[in-house]
Amino acid sequence: MAFHVRGVLLPDDEERDLWLVGDRVTFSPVAGAETIADCGYVLPGLVDAHCHIGIAPGGAPIGGIAQAKELAAADRDSGVLAIRDCGSPYPYPMLDDDPDVPRLARAGRHVAPPKRYLRDIGAEVEAPEVPGEVAAQARAGNGWVKLVGDWIDRAVGDLAPAWDAATLEAAVGAAQAAGARITAHTFSEEAVAVLVRAGIDCVEHGTGLSLDLVDEMARRGTALVPTMINIATFGDIAARAEEKFPGYARHMRALHDGFPAVVRAAYEAGVPLYTGTDAGGGITHGRIADEMLRLHEEAGMAPFDVLRAASWGAREWLGFPGLVEGGLADLVVYAEDPRRDLRVVRAPQRMVLRGRVLP
Ligand SMILES: [Zn+2]
């Protein structure tokens, strides 16, 4: 079965025809193809570059693969046709080629410090075991390793690096030596500085980034996935922690307040930015449009650049070619031009995933 689509293709801004044959895109006409869209704006699908389909609502590991598929379906129905799974309590390589599931770029388990991170989610190891665990998680994922770079240290009463600087540096080296890219959860100032200078591939959240570090990331091409809808919950986290950990609460509020300026600086410096919702646990799946709109409204990103961060740019970064000859047969069609009004992304008109038209 072949499908035919006509519309304005983004990012090229050209009205043209394309055909989908199996799981591939072609611009050579295919006789007898069924036309599934003949106007509108065509993108190669959205990307949630920070998502967890292995973590159930509430923060516990999912009950099984069926639940992972259910969570992934909520993302897919919002136009997300590729996911970077940023850490899962157990691996699901069987979903990599599942026709119902968005394309998956997966980390293994979060590599986390002992007894500090979310219960039952991470592989918790002391400093000497970090490089070995990173290599093991590189094998469990399909191209990414996820580190917990900092978290609350209850003994200190504030955010603190997960391990010493030498261990963070060794983690970056171990992932890259294993052929994987590595990213890290960071909220505070200290760990992210070490990780960026050690050549980490990507930073998650990055609320503690300084302007110097933003420039360093731009120079190195280090990506940033700011997860603004996660950062919007910092006020609630601070309120819950206030009584026992007032210093932590104060720190979280300050990071929250300073964050739009960090993302704006990263954007202006040319840091590669990608959209991630951090769905799984506290954030529901399917909220990519909310993240896109925040990047536009709070961080000042132009709609075209938000679309790049959420679609073709992110796909290229993750290795999922878009609407090019021989590209993957994923696309989303919008009735109106999302460059004129980004809110259009809330209502996909037509979606094709892995060559199959979604209902
Ligand atoms: Zn996350």
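The legends below describe close-up views of a predicted model.

Residues are numbered from 1 along each chain as its sequence is written, and side-chain values use heavy atoms, with hydrogens and water left out. Because the model is predicted, local features need pLDDT of at least 70 and side-chain atom pairs count only at pLDDT 80 or more, while totals for chains, interfaces and linings use all residues.

**Figure 1. The annotated domain at residues 41-342.** The unreviewed UniProt entry places the feature "domain: Amidohydrolase-related" at these residues. UniProt positions are given in the numbering used here, feature names are shortened, and annotations may be inferred rather than shown by experiment. Over residues 41-342 the chain is 38% helix and 18% strand. Helices (H or I, at least four residues) and strands (E, at least two) are DSSP runs, numbered from the N terminus. The end C-alpha atoms of this stretch are 12 Å apart.

**Figure 2. The zinc ion and its donor residues.** His50 and His52, each through NE2, and Asp278, through OD, coordinate the zinc ion at 2.0 to 2.1 Å. Donors are N, O and S atoms within 2.8 Å of the metal (3.2 Å for Na, K and Ca); water is not among the atoms, so sites may look incomplete. The spacing of the donor residues in sequence is H-x1-H-x225-D. His50 and Asp278 link distant parts of the chain, as they are 228 residues apart. His50 belongs to strand S6 (residues 46-51), whereas Asp278 sits in the loop between helix H8 (246-269) and helix H9 (288-297). His50 is buried, with a relative accessible area of 1%, and Asp278 also counts as buried, at 11%. Buried means under 20% relative accessible area, exposed over 50%, and partly exposed in between (1.4 Å probe, protein chains only). Although Asp278 is not a glycine, its phi is positive, at about 60 degrees.

**Figure 3. Helices H2 and H3 in contact.** Helix H2 covers residues 130-140 and helix H3 covers residues 165-177; their axes come within 8 Å and cross at roughly 30 degrees. Axes are lines fitted to C-alpha atoms, for helices over the stretch in contact, and angles run from 0 to 180 degrees between N-to-C directions. H2 and H3 are therefore roughly parallel to each other. Angles under 35 degrees count as roughly parallel, over 145 as roughly antiparallel, 65 to 115 as roughly perpendicular and the rest as oblique. The crossing of H2 past H3 is right-handed. A crossing is left-handed if the near helix is turned anticlockwise from the far one by less than a right angle, and right-handed if clockwise. Val130, Pro131 and Val134 of H2 meet Thr167, Ala170, Ala171, Ala174 and Ala175 of H3. Contact means heavy atoms within 4.5 Å.

**Figure 4. Helices H9 and H10 in contact.** H9 packs against helix H10 (residues 303-310) at an angle of about 140 degrees, and their axes are 9 Å apart. That angle makes H9 oblique to H10. The two helices, H9 and H10, have a right-handed crossing. From H9, Met292, Leu295 and His296 meet Pro303, Val306, Leu307 and Ala310 of H10.

**Figure 5. Phe3 in strand S1 and its contacts.** Phe3 is buried, with a relative accessible area of 9%. Phe3 and Ala33 are 30 residues apart along the chain, and their C-alpha atoms are separated by 4.8 Å. Not counting residues up to four places away in sequence, Phe3 touches Leu18, Trp19, Leu20, Ala33, Glu34, Ile36, Gly355 and Val357.

**Figure 6. Leu159 in strand S13 and its contacts.** Strand S13 covers residues 158-161. Leu159 is buried, at 8% relative accessible area. Leaving aside neighbours within four places in sequence, its contacts are Trp151, Ile152, Phe187, Ser188, Tyr248, His251, Met252 and Leu255. Leu159 and Arg116 lie 43 residues apart in sequence and 11 Å apart in space, C-alpha to C-alpha.

**Figure 7. Residues in three loops: Pro11, Asp120 and Asp337.** Pro11 is in the loop between strand S1 (2-9) and strand S2 (14-21). A cis peptide bond, with omega about 10 degrees, joins Leu10 and Pro11. Asp120 lies in the loop between strand S9 (111-112) and strand S10 (123-124). Asp120 has a positive phi of about 70 degrees although it is not a glycine. Asp337 is in the loop between strand S17 (331-334) and strand S18 (350-353). At 10% relative accessibility, Asp337 counts as buried. Leaving aside its neighbours within four places in sequence, Asp337 is in contact with Tyr41 and Val344.
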